[in-house]
Structures are given as C-alpha cells and as structure tokens.
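The following paragraphs lead through the fold of a protein chain, beginning with its sheet and ending with its overall dimensions. Please keep the sequence and the structure in view while reading.

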Amino acid sequence: MKINKCIINKEIIEFPLDKETSILDTALKFGIDLHYNCRAGFCGRCKVLLKKGQVNMDHSGGISRTEIKDSYILACCSTPLTPIEIEVIN
Ligand code: FES
C-alpha cells in the first residue's frame, strides 16, 4: 500500500494514499489532528508545507501565490497525485 507522511512536531505519522479524497479528509479519517475551518479553500487554516510529492489543488483564495511558490498547500482542497509528505506549520 502506498502511503503519505505527515510531520507534526517532528513526529512522523503515516496514512494511506487516497487520490480521490482531500488530504484533510483522509488525514482526519485516520486520526491525524490537522487544523481546519471552512473546508472549502477560503480561510487558509489547513495550510501545510508540502515537503515531497505532488498534489492537485483547487482553492478559493485561501493561499497566496508566494505561499504556493514556497510549497505550501491547503489540505482541504488538495488531492495527492503521488505519495506526499506534509509538515504542519501552525
Ligand atoms: S479549511 Fe479553510 S482553506 Fe482549508
């Protein structure tokens, strides 16, 4: 099984790769405590650093171009295209 990795406070947590489901929903389903609010790409609360892998992100303004360039993504409106590694930054 292919996996994703989430780093929270230097602890690495693994969860399954699901290309059909948002990273936020998959992480929550497997007990990973990611922050969120709107779940629709507006608020930016679910922003995480994408350290490895690729995602498809369809947001609604909750992240700036600079943040995207710096490899940040919104977990609520991103689905993984490959196994990913994300780091929680807030
Ligand atoms: S929870 Fe609001 S942008 Fe993701």
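In this predicted model, 5 strands make up an open sheet with mixed pairing, arranged in the order β2-β1-β7-β3-β5. The edges of the sheet are occupied by β2 (11-16) and β5 (72-74); each has a single partner strand, so one side of each remains without a neighbour in the sheet. From one strand to the next, the twist averages 35°.

In general, the strands of a sheet pair through backbone hydrogen bonds, in either a parallel or an antiparallel sense. Strand β1, residues 3-8, offers an example of the antiparallel sense: β1 pairs with β2 over 6 bridges. Within this pairing, Asn-4 has Phe-15 of β2 as its bridge partner.

The sheet may now be placed in the context of the whole chain. The protein chain contains 2 helices and 7 strands, and these elements follow one another along the sequence in the pattern β-β-α-β-β-α-β-β-β. Of the contacts with a separation of 6 or more, 56% link residues that are 24 or more positions apart.

The overall dimensions complete the description. A compact globule of 90 residues would have a radius of gyration near 12 Å, and the protein chain agrees with this expectation because its own value is 12 Å. Along the principal axes, the C-alpha atoms fill a box of roughly 35 × 25 × 25 Å. Burial can be stated for the chain as well: 26% of the 90 residues count as buried, where a buried residue has 20 or more other C-beta atoms within 10 Å of its own.

Terms used. Residues are numbered from 1 along each chain as its sequence is written. This is a predicted model: local features need pLDDT of at least 70, side-chain atom pairs count only at pLDDT 80 or more; totals for chains, interfaces and linings use all residues. Helices (H or I, at least four residues) and strands (E, at least two) are DSSP runs, numbered from the N terminus. The radius of gyration is taken over C-alpha atoms; the globule rule is 2.2 Å times the number of residues to the power 0.38. A residue is buried if 20 or more other C-beta atoms lie within 10 Å of its own, exposed if 12 or fewer, and partly exposed in between; C-beta atoms are placed from the backbone. Two residues are in contact if their C-beta atoms, placed from the backbone, lie within 7 Å. Two strands pair if DSSP finds at least two bridges between them. Axes are lines fitted to C-alpha atoms, for helices over the stretch in contact, and angles run from 0 to 180 degrees between N-to-C directions.
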